[in-house]
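Me: Please take a close look at a single pocket and go through its lining, then set a ligand shell beside it for reference.

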Amino acid sequence: MSIYANYFPLGLGTCRFPISASDDEEGVEKSVEIVLRALESGVNYIDASYTYSSGMAQTVLRSAFKQTVRPYGVTVKSQYGQDKTSDDARTRVEYQLEKMGVDRAAFFVSWSIMSYEEFEKITQKGGIYDGAVKLKDEGIIDHICFSAHAAPSDIVRVIESGAFEGVTISYSPINSAGMRPVLDAAIKHGVGVAVMNPLGGGLIPQNSDYFSFLRNERDKSAVHAALRYAAAQPAINIVLSGCASIEQLEDSLSAIRGENAEPDEERAARVNSRLKSAMPSFCTGCRYCADSCPKNIPIPEFMQSYNMLRFEPSSLYNRNEPELLKNVHLLRKLVFDFQLLPENAMNPCIRCGQCERKCTQKLSICDALDDIYNRIKLTGCSKEAMKACLEEILDGKAYKKIGLYPSGKPSNMFIELHREFFGEPRFEALCFDSNPLLTGTISSGLAVHAPSDIAKLAPDAIIITSYTHTEAIYNALAKYHEQGVEIIKLYGENDVPWAW
Ligand code: SF4
Ligand code: SF4
């Protein structure tokens, strides 16, 4: 029986609480109300992390947990990169438990595994997985799980390893064909499944006419139909809904609880049979083309990413310019979901046509690849472009001390890429972050300092690695420019993020 078998089928995601910043008290209060309403309604799986909702999700949970006796199972997370060792994982878990005011958690999640190779690093002796096993032995966590943004074939291998009791994956009608082997493997190996992004990362509500084919005559909306479609899969135990308001929570609850006129099996079969015809020019992820390319281009992954251009792009990362957003959505899928960061912007396709002859949707794959690589070039989304960016920032500058702002993945990546391209940095690297909860913590070996320490630590330059808050941070740091600190934006106006 799955570890999630006794959980309510709707889980509460905590990454979309209506909190604008760590000092947004009103946002915190509203979010506490959402958690309490969810628990009162029977929701009992809570997906939390230390970075969610401006780093305040676990503070919200602490307040909510104090006000209820309702049962719940909450996650704690540790991500490879920020954490590497067994001790790192323990420190990270203790930090989160303390923030939530609890002494144990139901689920340890090895967060966002990107590839099978990363799984192997996590499970090395003395690594994160060892830390989780010790925490479980001590009764601090109940179950060891993982979440993944890896290729489906890699997720299947991780499931088959037998290391984990539960998995969280992205799942919606948009990627359901490609995720079929993952669900099959989960059933076969008795691994519980929770799914995030059941609304395709916002694409389904934003394009509800396009997705109207998901609905039966009694479904209130495409959103309800998509939530019910995910819940209808026998392998899926929990559908996560990231709620920004009580109304959103109630709407998701009514989809899961309300009268469902169609048995699960019939719903899944009906939608599956219509995916191909209802979404023309859409790569279904069927993989018939997968092994046809003499240049080893991962065509299904490129074409599923290209699907993103079929929709009105939703705002992401504080950006609103439509063409940039299209590129962000496309490349987010390619790099984040499929782990395919191109080496450079040269399209390797030789237009032999083998893939197009096999394509079940008769897609113009060669033209699509041309378009994708043009976008890769425009947005600096390749290893070669990142190397050029580092050279431009550092060349001819004798920086002795560089500040990276804020802490987290993009700053870690800056240092890791420097090591990969040019060797160990000759400058001293520091991290700054405005979140007071992170001051004094270590992020990938770098101590995190408060912005008020900038004058005292006197870096020669500060590089803004945040994509979402570039302008706000730039304005906040302007006063240090007057004190001789060079303030550098990592991203140009057409660029997409380095880390997603
Ligand atoms: S047309 Fe291009 S992508 Fe398709 S198989 Fe040939 S080289 Fe590969
Ligand atoms: S055959 Fe066509 S529809 Fe199927 S994965 Fe390949 S590109 Fe996509």
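Reply: In the class counts below, Ala, Val, Leu, Ile, Met, Phe, Trp, Tyr, Cys and Pro count as nonpolar, Asp, Glu, Lys and Arg as charged, and the others, Gly among them, as polar. The model is predicted: local features need pLDDT of at least 70, side-chain atom pairs count only at pLDDT 80 or more, totals for chains, interfaces and linings use all residues, and side-chain values use heavy atoms, without hydrogens and water. Residues are numbered from 1 along each chain as its sequence is written, while chains are lettered from A and ligands numbered from 1 in the order in which they are written.

The second largest pocket (an open set of points on a 1 Å grid over the protein atoms alone, with protein on both sides within 12 Å along at least five of seven lines) holds about 930 Å³ of space, a volume filled by 1.4 Å probe spheres set on the points. Its lining (residues with an atom within 4 Å of a point) has 31 residues, and Met114, Glu118, Gln339, Met413 and Glu416 are the closest to the pocket centre. Two or more lining residues come from each of helices H5 (116–122), H14 (322–337), H17 (383–394) and H18 (409–422), where a helix is a DSSP run of H or I of at least four residues. H18 contributes the most, with 6 residues. By class, this lining has 14 nonpolar, 7 polar and 10 charged residues.

For reference, the shell around ligand 2 has 7 nonpolar, 4 polar and 1 charged residues. Among the residues surrounding ligand 2 (a heavy atom within 4 Å) are Cys283, Cys286, Arg287, Cys289 and Cys359.
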